Amino acid sequence: MPTTKRESTLKTASTCTYFWLAFIATCAILSAASTANCQTLTPAWVELGEDGNAVARIVVSNPKDCPTIQIDGASRPMALRPNMPPGLRPACEFAIPSGAKSVSVNAHPLALPKHDPARVIALGDTGCRIKNKEIQACNDPALWPFRQVAASAAGEKPDLIVHVGDYLYRENPCPETSQAMCGGSPAGDNWEAWDADFFSPAAELLGAAPWAFSRGNHEDCNRSWRGWFYYLDPRPWDGTCEEYFAPYLVKLGKFQLAMLDSSATKEHDVDEAQVAVFAAQLASLHAENAWLATHFPFWGFSTEGASGLPIPLAAVLEAAWEKAAPAGITMILSGHVHLFEYVSVDHDRPPQVVAGDGGTLMSVPIHISLKDTQIRGASVTGSKSRQQFGYTLLTREGTRWRLELKDRERSVLVSCSVPGSSESCQSAGTD
């Protein structure tokens with residue numbers, strides 16, 4: 001039978017991933033045999049910070065292994081990121097000049113920020129869960145498919161990738177009774193677990209486009225904060241854990257992405273101290289026609305309660321929005337709930353996209369209509385939800401965006417026009 005275009009694309013993506021994984025495996029074997037030293041442990045990637053700032057990063061074996069970076073034909077040494085926590089491997093970085101035309105590391109070109117990006121990938125909650133009695137089959141790519149999700153997302157040729165948080169789920173060692181599912185898995189806030197849960201499976205996607213990283217509750221000050229701040233936060237770091245890191249605006253031409261750290265959010269209690277913090281942060285953003293990226297959804301729904309019925313979360317963020325009444329935000333991108341959700345509300349509040357379906361154990365699906373549900377001074381006008389692994393692709397169409405939820409094989413599951421009511425979304429197939 002002839003090869004289809006999709007099969008050809010996936011075959012090419014799989015081949016690229018295979019060679020990168022073979023390189024990593026060879027490095028591991030040679031390093032273990034003490035016969036050679038492979039300097040780089042990840043591809044180089046670009047991440048976005050405040051305004052138009054961008055930084056190139058790469059993880060290496062030893063502090064002396066920082067490579068040079070070529071910027072418009074000139075070679076510069078990458079600097080060691082300071083305050084490396086124990087148990088991690090060194091990261092090297094370099095601030096990319098705003099006018100740079102071409103940048104490469106180890107002869108591999110880096111994807112530079114684009115003004116007014118037209119293709120944006122949103123995904124989150126990507127790691128493999130090993131915690132207490134919740135054991136995911138990390139060794140089975142069908143049951144933990146983040147590698148394939150990432151490879152398929154890379155094939156979309158995005159201009160920007162937004163990760164909405166929760167990277168490291170391997171919190172406990174694999175139990176003796178679950179060795180078939182996760183035997184050999186590392187655990188904890190260390191390089192081995194960060195590599196297994198994020199860097200290795202995301203290798204192909206890392207270099208596909210610049211990244212904007214949100215911090216999830218799995219990276220809060222009680223969990224994997226060291227790896228988060230050292231590897232993924234775009235700003236300088238002093239080695240300590242900040243519970244509420246200051247928000248910032250990513251500016252790419254007329255496109256704006258407001259980054260809000262909601263990792264410490266208390267889901268269901270209206271903690272007035274937190275309400276004050278988040279309200280002040282929202283008021284400080286001064287966004288214009290921006291998307292807001294934050295881990296906890298403002299008007300998403302969780303199905304993890306005792307009743308199994310969907311309940312709105314997070315009350316703290318809802319109260320903070322009501323108090324601050326921020327302007328200039330047209331859509332919210334979040335995760336935390338391990339589903340896809342698109343929720344539209346009234347009273348001029350922006351629609352909520354939940355993209356928590358990137359790989360970790362799925363939440364209980366939502367089968368009932370959420371229309372007319374009350375959310376602190378507003379009502380849900382429509383909602384769409386799917387329980388299936390995948391990623392969200394947003395493609396600019398004039399003044400609006402086409403939102404497509406895609407599965408690991410790049411098939412479209414849900415299609416919507418945003419901003420707009422989720423009542424107009426079209427679905428393909430069933431859960």
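**View 1. The two faces of strand E3 in a predicted model.** Strand E3, which spans residues 68-71 of this predicted model, has one face that is covered, formed by Ile69 and Ile71, whereas Thr68 and Gln70 belong to the uncovered face.

**View 2. The pairing of strand E3 with strand E4.** Strand E4 covers residues 74-77 and pairs with E3 in the antiparallel sense, over 4 bridges. Among the bridge partners, threonine 68 is matched with proline 77 of E4, and isoleucine 69, from the covered face of E3, is matched with arginine 76 of E4. The hairpin of E3 and E4 has 2 residues between the strands, and aspartate 72 in this hairpin takes a positive phi near 50°.

**View 3. The pairing of strand E3 with strand E7.** E3 also pairs with strand E7, made of residues 103-105, in the antiparallel sense and over 3 bridges. Glutamine 70, which lies on the uncovered face of E3, has serine 104 as its bridge partner in E7.

**View 4. The open sheet that contains E3.** In general, the strands of a sheet pair through backbone hydrogen bonds, in either a parallel or an antiparallel way. Here the sheet is open and has 4 strands in the order E4-E3-E7-E8, with antiparallel pairing. Its edge strands are E4 and strand E8 (108-109), each of which pairs on one side only.

How values were computed: Residues numbered from 1 in each chain as written. Predicted model: local features only at pLDDT ≥ 70, side-chain atom pairs only at ≥ 80, totals over all residues. Heavy atoms only, no water. Buried < 20%, exposed > 50% of the residue type's maximum accessible area, 1.4 Å probe, protein only. Pairing = 2+ DSSP bridges.
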